[in-house]
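Colleague: I would like a close look at a single part of this model, the open sheet, and at what surrounds it. Could you take me through it in one connected account?

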Amino acid sequence: MLHKIDTVIVGGGQAGLAISYYLTQEGREHVALERAPAVANAWRNQRWDSFTLVTPNFQVRMPGAEYSGNDPYGFMSLAEVIEYFDNYVERFRLPVLRGVEVFSVEKVGDRLSYVQARGTTKPRT
């Protein structure tokens, strides 16, 4: 199925979500493609269970969602960080497609404003 989208973001980590936030605020059609079954994959699968942020909570500053909790000088736990990103996607209704692995991005013809992303969709479990 062919669908034209102005902007494709590869990755649903902090940078990809921040870009998606700004594009959403501008009303620009876009999609973020995340290989993992959920956003913030590194936080979910590459940290130990007792991990906490190494910077105080007041420094959590994803666009539009600065820390507003009651412990600005504390350190978010791993579960809190994951929840923060999940809530971020939901709160701003960011268009993230999970389980999509991108293998290449190529120019289509001579039109520099159009690209084609090829990848596969992994079944969600």
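Modeller: What follows describes the sheet strand by strand, then its setting in the chain, and finally two loop residues with an unusual backbone angle.

Please keep in mind throughout that this is a predicted model. The open sheet has 3 strands in the order β1-β2-β5, and their pairing is parallel. Strands β1 and β5, the latter covering residues 96-98, stand at the edges with a single partner strand each, so one side of each is left without a neighbour in the sheet. Averaged over neighbouring strands and with direction ignored, the turn of one strand against the next is 25 degrees. As a general point, strands of a sheet pair through backbone hydrogen bonds, either parallel or antiparallel.

Strand β2, residues 30-34, is joined to β5 in the parallel sense over 3 bridges, and within these strands E34 stands opposite R98 of β5. Helix α1, made of residues 14-25, lies across β1, β2 and β5, and its direction makes an angle of about 160 degrees with β1.

On the edge strand β1, which spans residues 7-10, we find V8. Its relative accessible area of 34% makes V8 partly exposed, because the buried class ends at 20% and the exposed class begins only over 50%. Together with V10 and V105, V8 forms a nonpolar surface patch whose accessible area comes to about 240 Å² in total.

To place the sheet in its context, the chain contains 3 helices and 7 strands, which follow one another along the sequence as β-α-β-α-β-β-α-β-β-β. Of its 125 residues, 33% count as buried, and the chain exposes about 8,600 Å², of which carbon and sulfur atoms supply 51%. Among contacts with a separation of 6 or more, 51% come from residues 24 or more positions apart.

Two loops that lead away from or towards these strands also deserve attention. Most residues other than glycine have a negative phi, and most peptide bonds are trans. A40, in the loop between β2 and α2 (41-45), has a positive phi near 55 degrees, and at 5% relative accessibility A40 counts as buried. R93, in the loop between α3 (78-91) and β5, likewise has a positive phi, near 50 degrees, but R93 is exposed, with a relative accessible area of 73%.

Conventions:
Residues are numbered from 1 along each chain as its sequence is written. This is a predicted model: local features need pLDDT of at least 70, side-chain atom pairs count only at pLDDT 80 or more; totals for chains, interfaces and linings use all residues. Side-chain values use heavy atoms; hydrogens and water are left out. Patches are made of residues with over 30% relative accessible area and no salt bridge: like charges are joined within 9 Å, nonpolar side chains (Val, Leu, Ile, Met, Phe, Trp, Tyr) within 5 Å. Accessible areas come from the Shrake-Rupley method with a 1.4 Å probe; for residues, only the protein chains shown count as cover. A salt bridge is a side-chain nitrogen of Lys or Arg within 4 Å of a carboxyl oxygen of Asp or Glu. Helices (H or I, at least four residues) and strands (E, at least two) are DSSP runs, numbered from the N terminus. Buried means under 20% relative accessible area, exposed over 50%, partly exposed in between (1.4 Å probe, protein chains only). Contact means heavy atoms within 4.5 Å. Two strands pair if DSSP finds at least two bridges between them. Axes are lines fitted to C-alpha atoms, for helices over the stretch in contact, and angles run from 0 to 180 degrees between N-to-C directions.
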